[in-house]
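Trainee: I would like to work through the cavities, strands and a few single residues of this chain. Where do we begin?

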Amino acid sequence: MALVSTSIPNLLNGVSQQPSSIRQVTQGESQVNALSSVIDGLIKRPPTEHIAKIINSAVSNAAIHVIDRGEGLQHILVIQATASTASINVYDLQGNAVTVTNASATQLNYLKCANPAQDLQFLTVADFTFILNRTKTVAASTATISGSLQSTEVQEFADLPTNASVGNLYKVIGSETNSFDQFYVKALSANTYEETAKPGETFALDNLTMPMKLVPLTDASYITSENPNGNYFQLDFVSYGNRTVGDSTSSPFPSFVGKKLSNMFFFKNRLGFLADENVVMSAAGDFFRFFKKTVTTLLDDDPIDVSVSHTKVSLLKHAVSFNESLTLFADNTQFTIENLGSLTPKTISIIPSTEFENDAAVAPVGAGNYLYFVSTKGDYSSVREYYIQSDTVITDALEVTAHVPKYVPKNITKLSTSSNEDILVCLSSEDRSKLYVYKWFTDGQRKLQSSWSTWEFATGTSILDTHILENDLYLVISRSDGVFIEKMKLQYPDDTGLTFNVRADRKTSLTGTYNSTTNTTTWTVPYVYDGAMTVVKSGSWASRKGVDITTTRPTTTTIAATGDYSAASVIVGVPYIMTYQFSTQHVREKEGTQSVQSGRLQLRTMRVNYENTGFFKIQVTPEARTTNEYEFAGVVLNQASSTIEDVILSDGTFRFPVQSKNDRVAISVSSDSYLPCAFQNAEWEGFYHIRSRRI
């Protein structure tokens with residue numbers, strides 16, 4: 001029996017549901033509340049920070065949109081609605097309410113719907129945020145153009161009379177065989193005419209059935225300490241352009257009239273709408289004009305109204321600008337609007353690009369060179385990574401959940417991405433206390449990291465929405481006592497004055513009040529929570545900074561400690577647990593790519609290599625036996641920095657016994673501490689016996 005050993009080069013590729021014998025060496029059995037970082041290794045995920053409470057009662061269903069108009073001009077829009085009521089609120093990123101004016105009964109009527117989270121769609125273009133209610137049918141106004149045509153019709157424009165009365169309307173019939181040659185003119189003077197629309201026909205969209213706008217404004221009357229610039233928002237209907245030339249044949253209503261709009265987009269300086277199989281875009285640079293300027297010729301900046309052509313019904317649900325083109329998503333097909341120079345009614349071309357199922361309930365999102373979208377497979381979701389190979393112009397969508405087919409649940413409601421952090425966050429209505437996180441890293445054409453993990457939050461958490469701004473993940477969370485804004489810094493910077501980032505959710509800074517009679521310091525928490533909480537001396541303390549304080553919970557909004565801790569602020573938060581379970585270890589050959597199933601491997605010991613770590617536990621659970629636990633608390637003998645009651649972050653190797661057959665033991669590492677932990681790789685040593693000689 002030979003003593004053998006090998007290493008696990010890193011722990012960066014998350015969870016795999018494949019049999020352990022065919023997994024990558026760098027994949028694990030489970031990963032909860034951990035982040036796979038190519039820089040720091042496998043670490044405890046960043047904590048959330050409490051920003052503000054914005055609503056005083058729980059919310060189960062709301063439409064939420066982050067208005068991003070650039071740094072310092074970012075707001076969170078919240079719309080609550082039912083079939084009979086609606087309300088709209090806007091908050092800045094610090095949770096301060098911003099006034100919304102003109103939200104009268106008429107305006108709010110457009111927002112009424114049974115399921116606002118699904119029925120309402122948003123699009124921010126410059127200072128305009130458009131709000132679309134997908135349950136409303138677009139209608140034409142019943143108003144008609146006044147006036148009547150003169151009885152005299154002329155063949156050509158040159159045949160018009162030279163002594164017309166001002167306001168007279170004439171029809172130029174053009175070719176007798178082509179009704180599209182016809183147009184109408186109005187006399188501005190005896191011998192001056194302009195093109196106009198045919199009288200007696202409807203000519204306008206019903207603006208009350210079209211998407212609304214939310215526009216930021218400023219006024220001195222709204223200036224407060226929280227709003228020094230006097231910002232406010234105005235909700236209103238959009239004045240979409242009318243038909244000013246031609247008639248219902250030569251300048252017809254957009255094809256979305258009489259239909260329900262499914263989504264909005266902005267592409268090539270045009271505002272666009274999807275309705276059934278139709279793609280309708282405004283005039284170039286004139287977002288609210290969907291009629292022609294003239295019917296005598298086709299202009300390059302005219303509105304665009306086309307439908308997709310395919311062998312099966314393709315109801316369009318989403319449109320995403322990606323890789324200098326526009327990708328359209330139907331339930332089973334993806335289409336691409338080719339980007340060949342200027343986009344005009346003459347040059348537009350829509351072609352089917354791929355045939356993948358798409359969950360219409362969740363909007364695809366882009367990140368760098370990739371576009372992510374979801375399809376449903378029974379009780380689970382499949383996430384695909386859509387890309388275009390620039391050198392071959394090949395379009396494909398790889399399934400990034402192929403190795404975890406039963407990991408991401410169905411009913412995904414939101415995808416959020418960051419190209420800065422190479423991260424995708426999935427939110428499912430099946431369990432709103434969890435986020436499913438995909439982390440990747442590419443080196444040229446090679447993807448070196450493809451990691452799935454789960455981030456879990458405290459019981460009672462219901463995440464309504466997520467959005468990533470730069471390197472921060474914003475969460476809108478409903479709990480029994482209200483709705484909160486929280487923020488997670490994905491780059492986990494050190495807390496001010498400390499050498500680490502305190503790992504505790506709902507983190508906030510508080511200063512206590514000392515009662516000398518009872519020798520007690522009390523802190524008041526800005527939210528209700530009835531569990532144990534972490535209280536850590538902030539970097540403002542002169543000594544012992546970063547250590548935790550033993551506390552009690554007198555009430556659900558207060559924390560108490562014996563002694564005087566009122567000299568400086570403390571960091572308060574809710575503890576959470578990180579766990580990572582290793583895959584079953586195997587003897588491998590062919591440079592670690594193939595496991596050897598014959599023979600017996602008896603694991604003897606294992607090592608994990610850690611860096612900048614303060615605490616973790618190892619759990620070894622042999623089959624049908626009790627769990628053995630081995631704790632690392634940061635203290636290493638014979639190190640000068642290992643002093644009592646100080647925070648100690650160490651680098652090194654932690655060795656622990658296993659003493660079990662490789663496939664009859666579960667090995668995991670966990671941390672419930674506020675201190676950081678980071679693991680680079682691992683090694684194992686064991687006895688291996690095989691009766692035959694490998695050839």
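Mentor: We begin with a term: a cavity is a set of grid points where a 1.4 Å probe fits but cannot get out, and its lining residues have an atom within 4 Å of a point. Keep in mind that this is a predicted model.

Trainee: Which residues line the second largest cavity?

Mentor: The count comes to 2 cavities of 30 Å³ or more, and the second largest has a volume of about 30 Å³. E6, E35 and strand E36 (472–479) each give two or more residues to its lining. The lining consists of Ile64, Val66, Ile76, Asp465, Thr466, His467, Tyr474, Leu475 and Val476.

Trainee: How do the residues of that lining divide into nonpolar, polar and charged?

Mentor: Asp counts as charged, while Ile, Val, Leu and Tyr count as nonpolar. The lining of the second largest cavity divides into 6 nonpolar, 2 polar and 1 charged.

Trainee: Which residues are the closest to the centre of the largest pocket?

Mentor: The largest pocket has a volume of about 1400 Å³. Its lining comprises 48 residues, divided into 27 nonpolar, 15 polar and 6 charged. Elements that give two or more residues to this lining include strand E6 (63–68), helix H2 (116–119), strand E31 (412–418) and strand E35 (462–469). The closest to the centre are His65, Ala363, Val365, Lys414 and His467.

Trainee: Which strands stand at the edges of the open sheet that contains E6, E7, E8 and E9?

Mentor: The 4 strands follow the order E6-E7-E8-E9, with antiparallel pairing. An edge strand has a single partner, so one side of it is left without a neighbour in the sheet. The strands at the edges are E6 and E9 (97–98).

Trainee: Which residue in E9 stands opposite tyrosine 91?

Mentor: Strand E8 (residues 86–92) and E9 run antiparallel and are joined by 2 bridges. Opposite tyrosine 91 in this arrangement is alanine 97.

Trainee: Is arginine 506 buried or exposed?

Mentor: Arginine 506 lies in strand E38 (residues 505–510). Beyond its neighbours within four places in sequence, arginine 506 is in contact with residues including Thr48, Arg479, Glu486, Tyr529 and Val574. The cut-off for burial is under 20% relative accessible area. At 4%, arginine 506 is buried.

Trainee: What is the relative accessibility of glutamate 470?

Mentor: Glutamate 470 sits in the loop between E35 and E36. Its phi is near 55°, a positive value in a residue other than glycine. Exposed means over 50%, and glutamate 470 counts as exposed at 53%.

Trainee: What is the relative accessible area of asparagine 612?

Mentor: Asparagine 612 is found in strand E48 (residues 600–613). It is not a glycine, yet asparagine 612 has a positive phi of about 50°. Partly exposed covers the range between the buried and exposed cut-offs. Asparagine 612 is partly exposed, at 38%.

Trainee: What percentage of the residues in the chain is buried?

Mentor: The secondary structure comes to 2 helices and 53 strands, and the C-alpha trace spans about 110 × 80 × 40 Å along its principal axes. The chain exposes about 30700 Å², of which carbon and sulfur atoms supply 46%. Of the 695 residues in the chain, the buried share is 51%.

Terms used:
Residues numbered from 1 in each chain as written. Predicted model: local features only at pLDDT ≥ 70, side-chain atom pairs only at ≥ 80, totals over all residues. Heavy atoms only, no water. 1 Å grid on protein atoms, 1.4 Å probe; cavity = no way out; pocket = protein on both sides within 12 Å on 5 of 7 lines; lining within 4 Å. Points joined across faces, edges and corners; volume = space filled by probe spheres on them. Pairing = 2+ DSSP bridges. Buried < 20%, exposed > 50% of the residue type's maximum accessible area, 1.4 Å probe, protein only. Areas by Shrake-Rupley, 256 points an atom, 1.4 Å probe, with all protein chains shown as cover. Contact = heavy atoms within 4.5 Å.
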